[in-house]
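Student: Before we discuss this model, may I see the sequence and the structure, and then ask how the terms used for it are justified?

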Amino acid sequence: MKKTITIKDFTDAIGEDLTELVKEKINECQFTYNELSKNERDSLILLIVDFLLEDMFVKKAGPHRINDWIKGWGENCTEFSDTGDFNSLVPKYFGKHPYVRWQGQWLKPVDNDFEYNMVRILQYWLFEKFFASCDNIYEFGCGTGHNLFRAQEVNPSASVTGLDWASSSQNTLEQINKIYGFNFSGHNFDFYNVDNDFVLGDNSGVYTFAALEQIGNKYEDFVQYLIRNNPRVCIHIEPIAECLDKSELCDYLSIKYFEKRKYLSGFADYLTGLASENKIEILYEKRSFVGSVFINGYSIIAWRVKNA
């Protein structure tokens with residue numbers, strides 16, 4: 001039987017009233033899905049377990065994958081340059097599998113864009129909540145720049161900058177500006193070799209989206225860089241094991257996937273430690289309501305420098 005996720009469902013999941021913009025964006029999307037039968041769920045769990053037991057073909061995160069990202073974002077850039085279509089900027093891993101996660105359960109969506117649209121709603125909500133009054137917005141690990149469109153839409157007067165370690169990312173931002181008439185700034189930035197000469201503007205908002213996942217436990221230099229630059233707020237939408245419940249099967253398999261791929265590790269605990277030292281203030285920390293077939297990868301931590 002088909003069911004549909006409603007505005008009320010989103011409101012309950014987020015735990016606060018939604019703005020008119022977020023409600024409008026929800027109404028624009030198709031959030032209809034089918035529940036899984038027992039056999040479908042069992043088959044899906046077996047698929048995930050088989051992956052977790054595999055070693056030979058698993059791509060693990062780390063600096064060795066830089067050329068993969070240059071190539072991947074370059075493919076998006078070429079397609080976008082040829083078509084001028086925003087959909088060419090959407091990373092190819094969205095919609096790759098016919099299942100998604102919602103509220104700790106697997107679903108089979110009707111629309112192939114279900115997961116990406118869920119992410120869009122999550123970002124609209126967070127950007128309105130935290131970035132509406134910022135003069136500068138920075139995405140570190142921006143890839144193709146597709147998220148920057150929403151940051152600019154929520155705050156049209158802000159200066160928006162995308163940073164990424166792949167040179168093809170900067171090329172893509174140039175094409176976006178050329179085709180859409182935007183004024184996004186691009187800068188090459190490597191989490192593994194932090195560019196301390198790149199200084200954030202005043203009253204800035206910073207976010208990462210599924211970017212820190214690629215650096216495992218090598219995030220301290222980046223966080224310290226942010227503290228020195230003293231942005232108004234930092235938001236991380238990332239796979240964060242500390243936000244999940246390992247006693248629940250869906251979450252447990254997600255955590256094991258993080259470990260298998262060498263994704264972000266210990267990040268929330270590190271920020272909590274900085275907060276206990278009165279160096280930062282954690283404004284929001286919560287798992288989100290949406291995930292992909294293998295992981296609950298969109299947990300949220302928002303923080304700022306203490307007394308900033």
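**Helix α4 and the largest cavity**

Tutor: In this predicted model, helix α4, residues 66-83, has 18 residues and reaches 26 Å from its first C-alpha to its last, which is close to the 26 Å expected at 1.5 Å a residue.

Student: Which residues of α4 are called buried, and what makes them so?

Tutor: The term requires under 20% relative accessible area, and the residues of α4 that count as buried are Trp69, Trp73, Gly74, Asn76, Cys77 and Phe80.

Student: How do you know on which side of α4 they lie?

Tutor: The buried residues cover an arc of only 165 degrees around the axis, and therefore they are on the same side of α4. On the other side of α4, Asn67, Lys71 and Asp82 are exposed, a word kept for residues over 50% relative accessible area.

Student: What do the buried residues of α4 pack against?

Tutor: They pack against β6 (159-164) and α7 (167-180), where contact means heavy atoms within 4.5 Å.

Student: What follows α4?

Tutor: Glycine 84 follows α4, and the phi of this glycine is positive, near 70 degrees.

Student: Turning to empty space, how many cavities of 30 Å³ or more does the structure hold, and why is such a space called a cavity?

Tutor: The structure holds one, and the name applies because a 1.4 Å probe fits at its points but cannot get out. The largest cavity has about 30 Å³ of space.

Student: Which residues line the largest cavity?

Tutor: The lining consists of Leu244, Arg287, Ser288, Val290, Asn296, Tyr298 and Ser299, and these divide into three nonpolar, three polar and one charged.

Technical notes: Residues numbered from 1 in each chain as written. Predicted model: local features only at pLDDT ≥ 70, side-chain atom pairs only at ≥ 80, totals over all residues. Heavy atoms only, no water. Helix = DSSP H or I, 4+ residues; strand = E, 2+ residues; numbered from the N terminus. Expected span 1.5 Å × (residues − 1). Buried < 20%, exposed > 50% of the residue type's maximum accessible area, 1.4 Å probe, protein only. Arc of directions from axis to C-beta. 1 Å grid on protein atoms, 1.4 Å probe; cavity = no way out; pocket = protein on both sides within 12 Å on 5 of 7 lines; lining within 4 Å. Points joined across faces, edges and corners; volume = space filled by probe spheres on them. Nonpolar A, V, L, I, M, F, W, Y, C, P; charged D, E, K, R; others polar.
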